[in-house]
Amino acid sequence: MVLNTSSDDTLLALFGGTFDPIHYGHLRPVEQLAKETALDEVILLPNNVPPHRSQPQASAQQRLKMVELAVEGNPLFSVDSRELAVDKPSYTIETLETLRKEHGAQRPMAFIIGQDSLISLYKWHRWEELLDFCHLLVMARPGYSESPDTPPLQRWYDKHRVTTPAELKRRPHGLIYQANTPLLDISGTEIRQRRQEGKSCSDLLPAAVERYIDSQGLYHA
């Protein structure tokens with residue numbers, strides 16, 4: 001494995017999602033993760049057409065706007081809309097290939113996933129190649145096992161896992177770190193259900209996002 005010998009040892013992290021809508025279940029664990037692993041920047045990557053999920057209710061432009069509103073004024077976050085510009089399924093590995101070329105071979109780079117994604121990672125397109133381009137930062141998810149679904153995935157996880165966050169800045173890619181992030185049982189499904197019932201979601205997402213949802217008439221019955 002290649003050690004990072006460049007002068008830029010800042011750790012860049014990427015966090016993709018449908019964000020239909022973005023909510024505190026996305027933002028607060030990532031903010032805690034940033035403190036735990038000394039992240040310097042988190043780039044939010046709204047997905048266009050998720051390969052393994054149902055289609056979003058909000059349009060690509062609406063979801064992008066909600067993400068921008070959610071992190072406005074927060075220096076930790078930036079937003080990258082490249083996946084929304086391509087009308088085809090969003091494959092993480094292809095985005096990582098592009099970003100690695102842009103940021104150089106030696107920049108420490110990580111991709112943030114939830115425990116739910118880790119245990120079924122073998123279903124992802126070219127999942128075995130993910131660590132060729134980035135580290136994986138795994139956040140806890142309520143109700144999900146800590147162990148991967150298959151023995152091969154468990155062996156792969158055990159081989160690459162580290163328990164010291166400092167390791168992530170010493171190498172550009174190739175490691176898995178299991179973060180001690182809070183378990184927030186919030187989902188887009190719950191928010192959409194509340195909206196259909198005419199209930200407030202102020203405890204689940206930023207006020208600016210809820211105002212935008214109101215202005216667009218999103219998630220009504």
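The largest nonpolar core in this predicted model has 40 residues. Within that core, the residues with the most contacts are Ile22, Leu39, Val42, Leu44, Met66 and Ile112. At least two core residues come from each of β1, α1, β2, α2, β4, β5 and α8; for orientation, α2 is 60–71, β4 is 109–114, β5 is 135–139 and α8 is 207–216.

Take Ile22 as an example. Setting aside neighbours within four places in sequence, Ile22 is in contact with Leu27, Leu44, Met66, Val67, Ala70, Leu205 and Val209. There is also a second core, separate from this one, with 24 residues, among them Ile93, Leu118, Val138 and Ile176. As a general point, nonpolar side chains in soluble globular proteins tend to be buried together.

Now the chain as a whole. The protein chain has eight helices and seven strands. For 221 residues, the compact-globule rule gives a radius of gyration near 17 Å, and the chain has 17 Å, so the two agree. The C-alpha trace spans about 55 × 35 × 35 Å along its principal axes. Half of the chain, 50% of the 221 residues, is buried. Of the contacts between residues at least 6 apart in sequence, 78% join residues at least 24 apart. The exposed area is about 10600 Å², with carbon and sulfur atoms supplying 46% of it.

Next, the stretch from β1 to β2, where the backbone has some unusual values. Start with the loop between β1, residues 12–17, and α1. Phe19 lies in this loop. Its phi is near 55°, a positive value in a residue other than glycine. Is Phe19 buried or exposed? Phe19 has 2% relative accessibility, and therefore counts as buried. Pro21 is in that loop too, and a cis peptide bond joins Asp20 and Pro21, with omega about 5°. For context, most residues other than glycine have a negative phi, and most peptide bonds are trans.

After the loop comes helix α1, residues 24–37. Its 14 residues, at 1.5 Å a residue, should span 20 Å; the end C-alpha atoms are 19 Å apart, which agrees. Which residues of α1 are buried? They are Tyr24, Gly25, His26, Leu27, Pro29, Val30, Leu33, Ala34 and Thr37.

Just after α1 there is another positive phi, about 55°, at Ala38. Ala38 sits in the loop between α1 and β2, residues 41–46. With a relative accessible area of 38%, Ala38 is partly exposed.

Last, the aromatics. How many aromatic pairs are there? The count comes to three, and I will describe two. Phe111 and Trp124 are edge-to-face, 6.4 Å centre to centre, with 85° between the planes. Phe111 lies in strand β4 and Trp124 in the loop between α4, residues 115–119, and β5, so this pair ties together parts 13 residues apart in sequence. Phe111 and Trp124 are buried.

The other pair is Trp127 and Trp156, also edge-to-face, at 5.1 Å centre to centre and 85° between the planes. Trp127 lies in the loop between α4 and β5, while Trp156 is in helix α5, residues 151–160, so the pair ties together parts that are 29 residues apart in sequence. Both of these tryptophans, Trp127 and Trp156, are buried.

Key
Residues are numbered from 1 along each chain as its sequence is written. This is a predicted model: local features need pLDDT of at least 70, side-chain atom pairs count only at pLDDT 80 or more; totals for chains, interfaces and linings use all residues. Side-chain values use heavy atoms; hydrogens and water are left out. Helices (H or I, at least four residues) and strands (E, at least two) are DSSP runs, numbered from the N terminus. The expected span of a helix is 1.5 Å times one less than its number of residues. Buried means under 20% relative accessible area, exposed over 50%, partly exposed in between (1.4 Å probe, protein chains only). A nonpolar core is a set of buried Ala, Val, Leu, Ile, Met, Phe, Trp, Tyr and Cys residues joined through side-chain atoms within 4.5 Å. Contact means heavy atoms within 4.5 Å. The radius of gyration is taken over C-alpha atoms; the globule rule is 2.2 Å times the number of residues to the power 0.38. Accessible areas come from the Shrake-Rupley method with a 1.4 Å probe; for residues, only the protein chains shown count as cover. Rings of Phe, Tyr and Trp (its six-membered ring) pair if their centres lie within 6.5 Å; planes under 30 degrees apart count as stacked, over 60 as edge-to-face and the rest as tilted.
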